[in-house]
Amino acid sequence: MSPEHPLVSVIIPSYNRSDVLRLCLDAVRAQTHPHVEVIVVDDCGTEDAARVAASMGAKVVRTTVNGGPTPARNLGAEHATGEILFFLDADIALDPDAVANAVRILRDHPEIGALGGVLLPESLVSQSLAAQYRALQMHRWWMPAHRPTLELHASVLAVPAKVFAEVGPFDPRLRETVSSDYRVRVTRSYEVKLSDAIRGRKDHDPTVRTILRKVFRRARLSALDWREGETPGDSVPRAIGGVLLLAAVPALALPRVLPERARRAGTLVPPALVAAAMALDAGTHRFAYQHRGAAFGLYFSGVHLAVTFTGALGGAVGVTQRFALSRLEKLARLAAED
């Protein structure tokens, strides 16, 4: 194979959802790059996703236990033979030129060791209001092309095989910070870039309840896994905004505890904190209004405040758990020394 058309191994961790996996594989088969090897890693699923993958020409490997996408990605990389490893989540359908663009960018810029993609602001299958919210929010918040060196997500990620061998696999001990950990490791020797030339549509969660549950869990685990040098919540302004929303809850009690002459001022504190939090993330709210209009923008802002608050709450719980575990470990060491 020529340097212009290297073999690309597309590695897809899969757990059930064969209907969405089929869309993912259809999009991979439609890629304009001529040499693509598809590896689907069945993470002990209970549906027929493995059979669907095999019927569509993918190489199927299976994990021995359900360990989540990180061990599955590592297992897929062990079976890959391509010069470029393209990690892709099973609920994302790539644009037809995504792989070709990744190959071109990595060829033209050998200093890049990891090249991330972005999610389009439309949901793949679910078109509920919640899914539409999440599509816009993740496009703007999680994978923003306007910050090309900060973000990295293993869900859409191209890595030269030689770099992956040099840097090592994803850390299977990490849960929600595996991508940021990998970014730090890669940047010790290479550059990390994000490109909106590598795009895909993700199938987003259909209900606000599901979104909030995932946001809380991920924020809590991220706080537990947080390492020095990482940006809390990937954005300092967003993290501060979340703290302000948390503070708005106890501030609701101010009119009851303040002297009578100060009660009116006390009633202004919670809305002022909420307004400040929205101002810190004004670009996200503005993006929703511009993209979908005022009616949906109002819905977006309401859900987004709930998501930001829930993320901050999850982070606070994680920090508390982290501190408690640290204290327990310290007490255990002291007891062992005695």
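A salt bridge, as I will use the term this morning, is a side-chain nitrogen of Lys or Arg lying within 4 Å of a carboxyl oxygen of Asp or Glu. With that in hand, we can look at R62, which forms a salt bridge with D42, the closest N and O atoms being 3.9 Å apart. Please keep in mind throughout that what we have here is a predicted model.

Staying with charged pairs for a moment, a search of the whole structure finds 14 salt bridges, and another one of them joins the side chains of D19 and R17, with a distance of 3.3 Å from N to O. As for how far these two residues are open to the surroundings, D19 counts as partly exposed because its relative accessibility is 46%, and R17 is likewise partly exposed, with a relative accessible area of 39%. In general terms, side chains of opposite charge can pair when their charged atoms come close.

Let me turn to the overall layout. The chain is divided into domain 1, covering 8-204, and domain 2, covering 235-337, and the C-alpha centres of domain 1 and domain 2 lie 31 Å apart. Where they meet, 12 residues of domain 1 are in contact with 16 residues of domain 2.

How much area is buried between domain 1 and domain 2? The figure is about 1,300 Å², and carbon and sulfur atoms give 68% of that area. On the side of domain 1, the residues that lose the most area to domain 2 are Y133, L136 and W141, which together account for 53% of what that side buries.

What kinds of polar pairing, then, do we find across this boundary? Between domain 1 and domain 2 the count is 0 salt bridges, whereas 3 residue pairs, both members at pLDDT 80 or more, are in polar contact between domain 1 and domain 2. Sorted by class, the side of domain 1 that touches domain 2 has 6 nonpolar, 3 polar and 3 charged residues.

Finally, a word on the cysteines. The count of disulfides comes to 0, and C24 is in none, the nearest cysteine sulfur being that of C44, 19 Å away. Why is C44 without such a bond? Its closest cysteine sulfur is the one in C24, and because the two are 19 Å apart, they are too far from each other for a bond, given that a disulfide needs the sulfur atoms within 2.5 Å. As to their surroundings, C24 counts as buried, at 0% relative accessibility, while C44 counts as partly exposed, at 30%.

Methods:
Residues are numbered from 1 along each chain as its sequence is written. This is a predicted model: local features need pLDDT of at least 70, side-chain atom pairs count only at pLDDT 80 or more; totals for chains, interfaces and linings use all residues. Side-chain values use heavy atoms; hydrogens and water are left out. Buried means under 20% relative accessible area, exposed over 50%, partly exposed in between (1.4 Å probe, protein chains only). Domain bounds come from an automatic or database domain assignment. Contact means heavy atoms within 4.5 Å. Buried area is the accessible area (1.4 Å probe) that two parts lose on being put together, summed over both. A polar contact is a pair of N or O atoms within 3.5 Å; within protein, one must be able to donate a hydrogen and the other to accept it, and residues adjacent in sequence count only if both atoms are side-chain atoms. Ala, Val, Leu, Ile, Met, Phe, Trp, Tyr, Cys and Pro count as nonpolar, Asp, Glu, Lys and Arg as charged, and the others, Gly among them, as polar.
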